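Trainee: I would like a close look at a single part of this model rather than a tour of the whole chain. Please start at the metal site and follow the fold outwards from there.

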Amino acid sequence: MRTLLAAVLLLFAATVALGDASGAASSALAVRASTEATGARIVVDLTAAADYKLFTLENPRRVVLDLEGTELAPDVKLPRAQGPIIAVRSGVQPGGTLRLVIETTLEAEPRAARLAPSADGGHRVVVDLPDADAPAEAVAAVGTSRVVKPAHAPGSGARDVVIAIDAGHGGKDPGAIGHGGTREKAVVLEIARELAERINREPGMRAVLIRDGDYYIAHRERIRRARAAKADMFLSIHADALRDRDVSGASVYVLSERGATDEAARWLAERENAADLRGGVSLSDKDNVLATVLLDLSQSANISASMQAAEHVLDSFGGVVPVRKPRVQQAGFLVLKSPDIPSMLIETAYITNAADERRLRSDSQRGKLAGAIVAGVEGYFTRSPPEGTRFAELRRLAAAD
Ligand SMILES: [Zn+2]
């Protein structure tokens with residue numbers, strides 16, 4: 001579903017880029033206010049698209065919307081005080097800019113969007129004033145139901161993408177053991193730490209280590225920790241083993257459709273207790289059919305996102321990290337079963353192969369491996385940036401060029 005949302009956002013960004021005002025003046029025909037559980041909204045109806053700036057002032061708290069090349073049409077009544085809106089005033093700024101000042105008790109960061117004519121109305125600029133104290137579910141429901149263009153206000157605060165790095169095994173579970181005595185749980189932790197360090201050096205990316213020591217964590221707890229960290233991606237790091245010592249190279253796995261189906265049954269059975277899906281879709285308040293459909297949509301979108309991300313990683317292995325199979329593999333690994341976080345399991349090498357085992361023990365080889373994974377992940381987020389991130393901002397700027 002996030003893929004869908006991303007597509008809608010992209011479309012919207014493209015519309016904005018094409019529809020840039022040509023300097024033609026616009027008139028504000030109406031200024032409307034409404035309040036709801038999630039906050040308040042101001043809609044300005046315009047005769048033509050207008051560029052805008054949105055920013056806030058303090059003491060008292062005011063949200064300011066500047067509409068360039070716009071005049072207030074005669075007889076327009078500004079909204080009266082209601083709920084968290086204390087007052088709305090208008091003024092004219094130099095250069096023919098219409099300024100609307102909204103005095104409000106709402107403290108959360110406001111957002112604005114420019115809407116092209118549609119069935120819902122003509123040219124509009126919409127200002128949302130979220131209520132930070134509103135129930136998260138209500139806010140999320142609003143957030144997914146429309147497209148919002150972040151304001152070009154200073155410090156618009158694009159967030160980092162969060163990458164959960166899961167070093168496999170640990171503690172009582174050593175994982176595979178190489179013929180030279182190398183233990184999987186130890187080398188994958190080294191790789192995970194190297195990976196986290198490199199990710200944290202990249203602008204717009206932040207790593208979360210699911211395991212950062214020699215202890216065991218159950219698979220579902222690993223997933224829970226990634227969800228708690230609001231991860232945008234989950235990378236599980238392993239090293240493979242086989243009786244045949246000649247087999248070598250890395251493989252990348254994502255969840256199989258079959259694995260997803262099995263997991264769906266569990267989510268549905270436990271949905272009263274289950275956490276909401278990312279994007280705030282709750283399953284607990286839906287009937288069986290709707291919950292099944294929603295979960296299924298989320299899972300399919302997630303498998304295809306995982307597949308794309310895994311392909312980026314596998315591509316960047318090319319020539320740098322020896323690869324066993326040139327295609328992404330699918331399996332029912334429990335740790336990949338998040339229905340809404342793109343997830344992959346990377347078997348970095350065969351610990352049972354002498355050359356691979358040496359590679360796993362080498363700092364410089366582990367560095368190369370980590371570098372290739374970061375490049376792949378970055379490639380994926382550049383193409384499919386989650387909403388509200390620096391990657392999304394860069395993509396929008398590129399689209400506007
Ligand atoms: Zn393993």
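Mentor: Happy to! Donors are N, O and S atoms within 2.8 Å of the metal (3.2 Å for Na, K and Ca); water is not among the atoms, so sites may look incomplete. This is a predicted model, in which local features need pLDDT of at least 70 and side-chain atom pairs count only at pLDDT 80 or more, while totals for chains, interfaces and linings use all residues. Residues are numbered from 1 along each chain as its sequence is written, and side-chain values use heavy atoms, with hydrogens and water left out.

The zinc ion has His-169 (NE2), Glu-184 (OE) and His-238 (ND1) as its protein donors, lying 2.1 Å from it. Along the sequence, these donor residues follow the spacing H-x14-E-x53-H. Glu-184 and His-238 join distant parts of the chain: Glu-184 belongs to helix 3 and His-238 to strand 12 (residues 233–240), 54 residues apart. Helices (H or I, at least four residues) and strands (E, at least two) are DSSP runs, numbered from the N terminus.

From His-238 in strand 12, we can step into the sheet. Strand 12 is part of an open sheet of six strands, ordered 11-10-12-15-13-14 with mixed pairing; two strands pair if DSSP finds at least two bridges between them. Strand 11 (205–209) and strand 14 (329–331) form the edges, each with a single partner strand, so one side of each has no neighbour in the sheet. From one strand to the next, the twist averages 30°. For a closer view of one pairing, take strand 13 (residues 251–255) and strand 15 (residues 343–350), which run antiparallel and are joined by three bridges. There, Ser-251 has Glu-347 of strand 15 as its bridge partner.

Now look at what covers these strands. Helix 8 lies across strand 10 (161–167), strand 11, strand 12 and strand 15, and runs at about 150° to strand 12. Axes are lines fitted to C-alpha atoms, for helices over the stretch in contact, and angles run from 0 to 180 degrees between N-to-C directions.

Helix 8 also leads back to the helix of Glu-184. Helix 3 (residues 184–201) packs with helix 8 (residues 363–383) at an angle of about 50°, their axes 9 Å apart. The two are therefore oblique: angles under 35 degrees count as roughly parallel, over 145 as roughly antiparallel, 65 to 115 as roughly perpendicular and the rest as oblique. On the helix 3 side, the contact (heavy atoms within 4.5 Å) is made by Val-187, Glu-190, Ile-191, Glu-194, Leu-195, Arg-198 and Ile-199. Helix 8 answers with Arg-366, Gly-367, Leu-369, Ala-370, Gly-371, Ile-373 and Val-374.

A second partner is helix 6 (residues 288–317), whose axis comes within 8 Å of that of helix 8, crossing at roughly 135°. That angle makes helix 6 oblique to helix 8. The helix 6 residues in this contact are Ala-305, Gln-308, Ala-309, His-312, Val-313, Ser-316 and Phe-317. From helix 8 come residues including Leu-369 and Ile-373, both of which also take part in the contact with helix 3.

Finally, helix 7 (residues 354–361) packs with helix 8 at about 85°, with the axes 5 Å apart. Helix 7 is therefore roughly perpendicular to helix 8. Here Arg-359, Leu-360 and Arg-361 of helix 7 meet Asp-363, Gln-365 and Arg-366 of helix 8.

To put the route together: the zinc ion takes donors from helix 3 and strand 12, helix 8 lies across strand 12, and helix 8 packs with helix 3, helix 6 and helix 7.
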